[in-house]
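Q: Please give a close account of one part of this model, namely the packing of two helices and the pocket beside them.

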Amino acid sequence: MTSNEIAQRDDQQAVATQQPAGPTPTAGSTALMQWAQEADLAYQMAQKLAATSFVPQSLRGKPGDITAAILAGAELGLKPMATLKSIDVIQGTPALRAHAMRAVVQQQGHEIELVESTPERCVMRGRRKGSDNWQTVEWTIQRAAQMKLTEKAEWKKQPQNMLVARCTGELSRLIASDALHGMPYVSEELEGTVHAEVVPKKAPLSIAQLTAPTPTQAPAPAVDAEYSVHVGNQPEAGAWDQGAIDGSTDWTPDTEQ
């Protein structure tokens, strides 16, 4: 056998034993693998956070739901800890809290303004980034009553805040539904509970003012005592204090003895 024949035989054996090449990864599969790795890291984080007070009650003890919330929040541009204060899972439906929805919409460059806010009426307006046209949304207590919303406890306690939450959800869906990524409802719409809303008494105000922390009140100045008691005024230890007895409402002397 010549050297050429030996080389040809070796080449044929190499081809026969060579495994077929797998399909070339696509951009979609690469992105999916990266997402799976992020999901695994998020789950590990969720297991550590599930029992802490940083997790809202609707997610506490549910690492799977926490993981989903963190991943959904990442798509909205929210960091993990901000997500846990911004997203609730209500009857299996993830929803943004009203203040978080405004933040997501504004982060995309869209505008939202509070025009009027009272316990009977809320008016908000907004417009998409680059648009000159404003969209206006109004919610009244009469409208809420027609939907039987005012029968809920939070509507009775905080009607002004609940009207703001309703306006937020409706206006955000109207001007920036693409920014919400499948979470078009505020959790107040689904659950009926207000989360950290601070509504000022006067309008118009910007959302930055609307969501600003409530200023702490300075402690009241100390009031000078109108009188003082000195040790010299007190009876000696073991002495009978008739004045204290006469002024007592807890004990009445036995007058029959």
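A: The account below takes the helix pair, then the pocket, then a second helix pair.

The model is predicted, so local features need pLDDT of at least 70, side-chain atom pairs count only at pLDDT 80 or more, and totals for chains, interfaces and linings use all residues. Residues are numbered from 1 along each chain as its sequence is written, and side-chain values use heavy atoms, with hydrogens and water left out.

Helix α2 covers residues 27-49 and helix α3 residues 63-75; helices are DSSP runs (H or I, at least four residues) numbered from the N terminus. Their axes come within 8 Å and cross at roughly 130°. Here axes are lines fitted to C-alpha atoms, for helices over the stretch in contact, and angles run from 0 to 180 degrees between N-to-C directions. The angle makes α2 oblique to α3 (under 35 degrees counts as roughly parallel, over 145 as roughly antiparallel, 65 to 115 as roughly perpendicular and the rest as oblique). The crossing of α2 past α3 is right-handed (the near helix is turned clockwise from the far one by less than a right angle; anticlockwise is left-handed).

On the α2 side, the contact (heavy atoms within 4.5 Å) involves Trp35, Glu38, Ala39, Ala42, Tyr43, Met45, Ala46 and Gln47. These meet Pro63, Gly64, Ile66, Thr67, Ile70, Leu71 and Glu75 of α3. By class, the contact has 10 nonpolar, 3 polar and 2 charged residues (Ala, Val, Leu, Ile, Met, Phe, Trp, Tyr, Cys and Pro are nonpolar, Asp, Glu, Lys and Arg charged, and the others, Gly among them, polar).

The largest pocket is lined by Trp35, Glu38, Leu41, Ala42, Met45, Ile70, Leu71, Ala74, Glu75, Leu78 and Pro80. A pocket is an open set of points on a 1 Å grid over the protein atoms alone, where a 1.4 Å probe fits, with protein on both sides within 12 Å along at least five of seven lines; lining residues have an atom within 4 Å of a point. Both α2 and α3 give two or more residues to this lining, and α2 gives the most, with 5 residues. The lining holds 9 nonpolar, no polar and 2 charged residues.

Elsewhere, helix α5 (residues 98-107) packs on helix α8 (residues 159-176) at about 25°, with the axes 9 Å apart. That angle makes α5 roughly parallel to α8, and their crossing is left-handed.
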